[in-house]
Amino acid sequence: SSKIRDLEVQSADGVAVLEDCIDFSVAKTIQKTEEKLKKGGLPDCLDEDIFSHVGNEEAQIRFLKAKLRVVQEEMDNVVCEYRKKDDENKNLKSRLKDTEEENTRLQRTISVQHSQMEKYKILSQEANKKSEGLQQEVIALEKVLQ
């Protein structure tokens, strides 16, 4: 068992195809494992159950190398998915930043327009007062002319 653990660390170069193992089939092992899962039980150590099908240490090493390659492929897939999600996240952060900048720009525009509106409101009130004053003058002058 300790020899096998030490051999797991070796590189996966020259990985043997599982067909080299005399009485071993991945499909059979997966099927048996799925059946045990459906029944609600798995052995305490799945690797030992798998190794019971593999005869000698050389076959176990080939199996572990093949298993390592599968795990590396799965890890590569996960890394690829992570990179895609990371790129998407960066894209969304960039869009969020652009949106926040646009929001800030629009808030400034609203503030300027509000100030201008207040200014024109005051000018309008002053013009109305001036107009009323002029109307009063017109009325007074009409009375003088009559």
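**A helical chain and its salt bridges**

At 18% relative accessibility, Arg 62 counts as buried, because the cut-off for buried is under 20%. This is a predicted model. Arg 62 makes a good entry point, since its side chain meets that of Glu 58 in a salt bridge. The N to O distance is 2.8 Å. Glu 58 has a relative accessible area of 52%, so this residue is exposed. The cut-off for exposed is over 50%. One partner is therefore buried, while the other is exposed.

Both residues belong to helix H4, where they sit 4 residues apart, which means a separation of about one helical turn. Arg 62 has buried company in H4. Ala 59, Gln 60, Phe 63, Leu 64, Lys 65 and Ala 66 are buried there too.

Next, the helix itself. H4 covers residues 57-145, which makes 89 residues. At 1.5 Å a residue, H4 should span 132 Å. The C-alpha atoms at its ends lie 128 Å apart, so the model agrees with the expected span.

How many salt bridges does the structure hold? There are 3. Side chains of opposite charge can pair when their charged atoms come close. Beyond the pair described above, Asp 86 forms a salt bridge with Lys 90. Their closest N and O atoms are 3.5 Å apart. The spacing in sequence is 4 residues within H4, so about one helical turn separates Asp 86 from Lys 90. Asp 86 is partly exposed, at a relative accessible area of 24%. Lys 90 is exposed, at 51%.

Arg 105 and Glu 102 form another salt bridge. Here the N to O distance is 2.6 Å. These two residues are 3 apart in H4, again a separation of about one helical turn. Arg 105 has a relative accessible area of 39% and is partly exposed. Glu 102, at 37% relative accessibility, counts as partly exposed as well.

Now step back to the chain. The protein chain has 4 helices and 0 strands. Read along the sequence, its pattern is α-α-α-α. Of its 146 residues, 14% are buried. The accessible surface comes to about 12,500 Å². Carbon and sulfur atoms account for 52% of that surface. Now take the contacts with a separation of 6 or more: 64% of them join residues 24 or more positions apart.

How far can the coordinates be trusted? The chain averages a pLDDT of 78, and 63% of the residues score at least 70. Which element has the highest mean pLDDT, and which the lowest? H4 has the highest, at 94. Helix H1, residues 2-8, has the lowest, at 41. Over residues 1-24, pLDDT stays under 50. The model still has 32 contacts beyond four places in sequence for that stretch. Where pLDDT is low, the predicted coordinates should not be read in detail.

Conventions
Residues are numbered from 1 along each chain as its sequence is written. This is a predicted model: local features need pLDDT of at least 70, side-chain atom pairs count only at pLDDT 80 or more; totals for chains, interfaces and linings use all residues. Side-chain values use heavy atoms; hydrogens and water are left out. The expected span of a helix is 1.5 Å times one less than its number of residues. Buried means under 20% relative accessible area, exposed over 50%, partly exposed in between (1.4 Å probe, protein chains only). Contact means heavy atoms within 4.5 Å. Accessible areas come from the Shrake-Rupley method with a 1.4 Å probe; for residues, only the protein chains shown count as cover. A salt bridge is a side-chain nitrogen of Lys or Arg within 4 Å of a carboxyl oxygen of Asp or Glu. pLDDT is the predictor's confidence in each residue, from 0 to 100.
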